[in-house]
Amino acid sequence: MTYRDELLTCATCGKTFIYRVEEQRQQAALGFEPETPQQCADCRAQEALGPGLRAGVVKWFREDKHFGFITQRDGSDIFFHNSGIEGDVDQVMKENAPVWYEVTTTERGPQAINVHLRE
Ligand SMILES: [Zn+2]
């Protein structure tokens, strides 16, 4: 697949932004479908704090520690605890497992909950 910079308009704030080749490659490397963003990075970051399911990939999970990290769509990591896993726990604990999750804020910072396998 050939990537190129795309000039887009944010659906939320109306600002023009560039969806860069590097971002497109990063998405593909994380196993995400190439999907043109509807919003600029600022609005996406804002929305990342709101409700709703997001797509991520399990970075690692330590069974002995009962927690792990999910790589988010923007490339940053988010903490999750095994109490936040729904459904097939063994599948979700695997490195590189594609998952859906929701974000909640705890006193320790953001945490992924309702973590379940993305088919
Ligand atoms: Zn925007």
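## A buried position in β7

Val115 counts as buried because 28 C-beta neighbours lie inside 10 Å of this residue, and the cut-off for that class is 20 or more. The model in which this is seen is a predicted one. Val115 belongs to strand β7, which covers residues 109-117.

Leaving aside residues up to four places away in sequence, Val115 touches Phe80, Gly84, Ile85, Glu86, Val92, Val99 and Tyr101. One of these partners, Gly84, stands 31 residues from Val115 along the chain, yet the C-alpha atoms of the two are separated by 6.0 Å.

## Overall architecture

The protein contains three helices and seven strands, and from the N terminus on these elements follow one another as β-β-α-α-β-β-β-α-β-β. Taken along the principal axes, the C-alpha atoms fill a box of roughly 45 × 35 × 20 Å.

Of the 119 residues in the protein, 16% are buried. Among contacts with a separation of 6 or more, 46% are made by residues 24 or more positions apart.

## The barrel

Five strands close into a barrel in the order β3-β4-β5-β7-β6, and their pairing is mixed. Within this sheet, neighbouring strands are turned by 50° against each other on average, with direction ignored.

Strand β3 (residues 54-62) pairs with β4 in the antiparallel sense over six bridges, and one of the residue pairs across these strands is Gly56 with Gln72 as its bridge partner in β4. The hairpin of β3 and β4 has four residues between the strands, and His66 in this hairpin takes a positive phi near 65°. On its other pairing, β4 is joined by five bridges to strand β5 (residues 77-81), again running antiparallel, with Ile70 standing opposite Ile78 in β5. The hairpin that β4 and β5 form likewise has four residues between them, and Gly75 in the turn has a positive phi of about 95°.

## Two faces of β4, and the β6-β7 pair

Which side chains of strand β4 (residues 67-72) are buried, and which are not? The side chains alternate along the strand, so that Gly68, Ile70 and Gln72 point to one face and are buried, whereas Phe67, Phe69 and Thr71 point to the other face and are not. Two residues of the buried face also appear in the strand pairings, since Gln72 is the bridge partner of Gly56 and Ile70 is opposite Ile78.

Strand β6 (residues 98-106) is joined to β7 by seven bridges, and the two strands run antiparallel. Across this pair, Val99 stands opposite Leu117 in β7, while Val99 is also among the residues that Val115 touches.

## The N-terminal hairpin and the two domains

Strand β1 (residues 6-9) and strand β2 (residues 16-19) are joined by four bridges and run antiparallel, with Phe17 in β2 as the bridge partner of Leu8. The two strands form a hairpin with six residues between them, in whose turn Gly14 has a positive phi of about 80°.

The protein is divided into domain 1, covering 6-47, and domain 2, covering 54-117, and the C-alpha centres of the two domains lie 22 Å apart. Contact between them involves five residues of domain 1 and seven residues of domain 2. On the side of domain 1 that touches domain 2, the residues divide into two nonpolar, two polar and one charged.

Conventions. Residues numbered from 1 in each chain as written. Predicted model: local features only at pLDDT ≥ 70, side-chain atom pairs only at ≥ 80, totals over all residues. Buried ≥ 20, exposed ≤ 12 C-beta atoms within 10 Å, placed from the backbone. Contact = placed C-beta atoms within 7 Å. Pairing = 2+ DSSP bridges. Axes fitted to C-alpha atoms, helices over the stretch in contact; angles between N-to-C directions. Domains from an automatic or database assignment. Nonpolar A, V, L, I, M, F, W, Y, C, P; charged D, E, K, R; others polar.
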